[in-house]
Amino acid sequence: MLFRSGVSTSFNPDTYELTLFGRENISVYQAVLRTVTYQNLDENPSSLEDRIITVQCTDEAGDAQTSDSNVATTTVAVIPQNDPPVLDVSGPNDASPDYTTPIFEEDADPLPIVDVDATLTDPDSTTMSTCTFDLTNGQPGDVLAASTQGTSVVDQYNSVSQTLTLSGISSIEEYLEALKSVTFFSAEENLSGPARVVTVDCQDDAGLPSNTATITIPVQPVNDPPVVDLDGPSEEGIDYETVFTENGAGVPIASPTSTIDDVDSAQLTVCVITIENPLLGTNETLSAVDQGGITSSYNADRKSTRLNSSHNTYL
């Protein structure tokens, strides 16, 4: 390129040689020479050997013996800087390093939260020291876990802060294997709240942190059925036994401490109570006392009583 007043520059990347050329005053060449810089764009430059740069100029006479200057030398010491790791939990096929998982459905198995194509790279380190997963908006019952068997990576979960830590000086390959094993699970039977957000970052063997990647976990609750316990919580099991004596009054078919529970519903719409093995035909009946907006109806053919209500229902 033309620098100024007839001095041009040309760099040959094959020979690493920069040439200044064009007939011009020494003062101009001197000014151009003072602008020459050395640059190294390598992300992991070698510092084992100083770079030697030589400079020689030629005057206008063109005599090979008398026109060439002395050879002056510049010595450049190259000092590398530690580069941070680069974490991409979604893999190279996605423009963003963040990842949105498939939906976690209530009662489902633990869900992997790092894409199988995830990458962890570092231009100047081959080992990592730690990776941290932070469940930023975790709800009761939420858990993060990892499987690190077969690696030198150690996993530890803090249930109070809902933070999963992978630690130990280990290869990038082993850390990537551990990252891909991380799962989300919730034991909550009434799954609620927004999509869970997990942040994750890693540190190289010198403690330099990577970028922070974000994992979004959509959650889907599932309706849980009611649980009827006819003999009450103080007794083992849910069934009840009683005795009816001929010519006696009707006997309750449930304990006074019997319960109906539902972890995710406050109301019931119907209960059906049925004699499964009637022996005396129409002489056997079931009845209930209507109360609190609950009405009962008995089907003599089916030997069953139906309780209907849009309010809370109790036996």
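**Exercise 1. The nonpolar cores**

Which residues of the largest nonpolar core touch the most other members? Identify them, and then the elements that supply this core.

*Solution.* The structure is a predicted model, in which local features need pLDDT of at least 70, side-chain atom pairs count only at pLDDT 80 or more, and totals for chains, interfaces and linings use all residues. Residues are numbered from 1 along each chain as its sequence is written, and side-chain values use heavy atoms, with hydrogens and water left out.

Step 1. A nonpolar core is a set of buried Ala, Val, Leu, Ile, Met, Phe, Trp, Tyr and Cys residues joined through side-chain atoms within 4.5 Å. Buried means under 20% relative accessible area, exposed over 50%, and partly exposed in between (1.4 Å probe, protein chains only).

Step 2. The largest core has 33 residues, and those touching the most other members are Ile113, Leu120, Phe133, Leu166, Leu179 and Ile215. At least two residues each come from strand E11 (127–135), strand E14 (163–171), helix H2 (172–180), strand E16 (196–204) and strand E17 (213–217). Helix H2 gives the most, with five residues. Helices (H or I, at least four residues) and strands (E, at least two) are DSSP runs, numbered from the N terminus.

Step 3. Another core, of five residues, lies apart from the largest one; among its members are Ile260, Cys271, Ile294 and Leu307. In soluble globular proteins, nonpolar side chains tend to be buried together.

Step 4. Leucine 120 is placed in strand E10 (residues 119–121). Leucine 120 counts as buried because its relative accessibility is 5%. Its C-alpha atom is separated by 4.7 Å from that of leucine 87, although the two are 33 residues apart along the chain.

**Exercise 2. Two open sheets**

Determine the strand order of the six-stranded sheet and of the three-stranded sheet.

*Solution.* Step 1. Two strands pair if DSSP finds at least two bridges between them. The six-stranded sheet is open, with the order E7-E17-E16-E11-E14-E13 and mixed pairing. Strand E7 (99–100) and strand E13 (154–158) are at its edges; each has a single partner strand, so one side of each is left without a neighbour in the sheet.

Step 2. Within this sheet, E16 and E17 are antiparallel and share five bridges. Arginine 196 has isoleucine 217 in E17 as its bridge partner.

Step 3. The three-stranded sheet is also open; its order is E21-E23-E22 and its pairing antiparallel. Here the edges are strand E21 (270–274) and strand E22 (295–299), each with a single partner strand, so one side of each lacks a neighbour in the sheet. On average, neighbouring strands of this sheet are turned by 15° against each other, direction ignored; axes are lines fitted to C-alpha atoms, for helices over the stretch in contact, and angles run from 0 to 180 degrees between N-to-C directions.

Step 4. E22 is joined by five bridges to strand E23 (residues 304–308), where arginine 306 is the bridge partner of serine 297.

**Exercise 3. A hairpin turn**

What phi does tyrosine 16 have, and is this residue a glycine or not?

*Solution.* Step 1. Tyrosine 16 is not a glycine, yet has a positive phi of about 55°. Its place is the loop between strand E2 (7–12) and strand E3 (17–21).

Step 2. E2 and E3 form a hairpin with four residues between them. Five bridges join the antiparallel pair, and serine 8 stands opposite phenylalanine 21 in E3.

Step 3. Tyrosine 16 counts as exposed because its relative accessibility is 69%.

**Exercise 4. Salt bridges**

How many salt bridges does a search of the whole structure find?

*Solution.* Step 1. A salt bridge is a side-chain nitrogen of Lys or Arg within 4 Å of a carboxyl oxygen of Asp or Glu. The search finds two.

Step 2. One joins glutamate 60 to arginine 23 (2.9 Å, N to O). Glutamate 60 lies in the loop between strand E4 (51–55) and strand E5 (72–76), and arginine 23 in the loop between E3 and H1, 37 residues apart. Both glutamate 60 and arginine 23 are exposed.

Step 3. The other joins aspartate 142 to arginine 196 (2.5 Å, N to O). Aspartate 142 belongs to strand E12 (residues 142–145) and arginine 196 to strand E16, so the pair ties together parts 54 residues apart in sequence. Both aspartate 142 and arginine 196 are buried.
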